[in-house]
Amino acid sequence: MKKKKILWAGIFITGFFLLILIVSFFYTPYNPNTMNGKEKFLAPCWTHWMGTDNFGRDIFSRVLAGLSTTFFVGISVTGIGAVFGTILGAFTGYFGGWLDEILMRINDALTAFPSILLALVFISILGTGKYNIILALGIIFIPSFARIVRGEFIRLKELDYVKSAKLMGAGKMRIMFVHILPNAMPALLSAITVGFNNAVLAEAGMSYLGIGVQPPDASLGKMLSEAQSFLFSAPWYVIFPGIVIILLILGFSFLSEGIGT
């Protein structure tokens with residue numbers, strides 16, 4: 001019962017942000033990049049619900065734009081990691097043998113390094129920017145998905161329904177992606193929600209350091225970086241982007257825990 005409540009809490013929080021995101025595609029109070037020197041550091045009011053920043057930009061509009069960037073990066077990174085990791089894990093888990101040994105040793109070598117360190121290496125090669133961040137983090141996320149899917153395939157391929165499919169003459173690809181993969185989805189979905197969380201945190205951290213999403217694209221992490229110098233003079237500048245990141249991470253954490261049960 002408690003875990004069902006956690007799952008529903010996750011659905012409610014993430015659903016709320018998704019609804020806001022969809023609305024932001026059609027309406028934002030102001031252009032998130034428009035500067036207004038006469039309205040610098042306005043406190044939250046009816047015209048600017050979350051106040052304005054040091055350039056007079058509407059923080060609420062920039063939070064909406066940053067939320068869009070966060071979802072785009074998170075979904076793209078998780079998608080790259082999940083798709084390629086699933087294919088890799090399915091083949092190594094089902095066939096085993098030398099293919100499994102080679103690919104898993106490469107996988108172990110990649111997972112031996114901290115993911116953020118590998119991301120920094122890729123960024124130093126590819127350069128900064130939203131799409132380079134997506135590519136770098138997506139590649140780094142592949143091993144974790146591959147390991148999870150591989151474990152599920154090793155477990156499921158020995159079950160009776162798989163053996164029955166083999167006896168009925170089903171092809172290997174059909175067995176892998178029609179019979180086994182759907183039964184591995186609970187573990188994969190849990191991994192996807194965790195992966196999304198990690199992608200959001202990684203993007204926010206790298207943007208905070210100035211090597212992630214670059215202007216004029218809005219980023220919640222970049223907003224926190226810009227706001228740190230005005231923590232006491234304009235606390236709303238850091239509070240609202242920070243709350244959004246915390247709640248978003250919390251919502252997907254609840255989803256992961258609920259799905260994984």
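Which residues of the largest nonpolar core touch the most other members? In this predicted model, they are Val77, Leu137, Phe153 and Ile180, out of a core of 30 residues.

**Overall architecture**

The protein contains 9 helices and 0 strands, so its pattern along the sequence, written with the definition of helices and strands in mind, is α-α-α-α-α-α-α-α-α. Along the principal axes, the C-alpha atoms occupy a box of roughly 75 × 45 × 30 Å. Of the 261 residues in the protein, 43% are buried. Among contacts between residues at least 6 apart in sequence, 70% join residues at least 24 apart.

**The nonpolar cores**

The largest nonpolar core, with its 30 residues, draws on several helices: α2 (59-95), α4 (115-126), α5 (130-156), α6 (160-167) and α7 (172-208) each supply at least two residues. A second, separate core has 26 residues, including Leu67, Phe71, Val200 and Tyr237. As a general background, nonpolar side chains in soluble globular proteins tend to be buried together.

Val77 offers a detailed view of the largest core, being one of the residues that touch the most other members. With neighbours within four places in sequence left aside, Val77 is in contact with Ile133, Ile134, Leu137, Gly138, Phe141 and Ala199. Leu137 thus appears both in this list of contacts and among the residues that touch the most other core members.

**Aromatic residues**

The structure holds 11 aromatic pairs. One of them joins Phe91 and Phe95 and is stacked, at 5.8 Å centre to centre and 25° between the planes. A pair of aromatic rings is described by these two kinds of quantity, the distance of the centres and the angle of the planes. Both Phe91 and Phe95 lie in helix α2, 4 residues apart, which is about one turn of the helix. Together with Tyr94 and Phe177, these two residues form one aromatic cluster.

The accessibility of the two stacked residues is as follows.

| Residue | Relative accessible area | Class |
|---|---|---|
| Phe91 | 26% | partly exposed |
| Phe95 | 35% | partly exposed |

Why does Phe91 not count as buried? Buried requires under 20% relative accessible area, and Phe91 has 26%, so Phe91 is classed as partly exposed. Phe95, at 35%, is likewise partly exposed because its value lies between the 20% and 50% limits.

**Surface and charge**

The protein exposes about 13500 Å², of which carbon and sulfur atoms supply 71%. Its side chains include 19 positive and 13 negative ones, and the centres of the two sets lie 5 Å apart.

How values were computed
Residues numbered from 1 in each chain as written. Predicted model: local features only at pLDDT ≥ 70, side-chain atom pairs only at ≥ 80, totals over all residues. Heavy atoms only, no water. Core = buried A, V, L, I, M, F, W, Y, C linked by side-chain atoms within 4.5 Å. Buried < 20%, exposed > 50% of the residue type's maximum accessible area, 1.4 Å probe, protein only. Contact = heavy atoms within 4.5 Å. Phe/Tyr/Trp six-rings, centres within 6.5 Å; stacked < 30°, edge-to-face > 60°. Areas by Shrake-Rupley, 256 points an atom, 1.4 Å probe, with all protein chains shown as cover. Lys, Arg positive; Asp, Glu negative; His and termini not counted. Charge placed at Lys NZ, Arg CZ, Asp CG, Glu CD.
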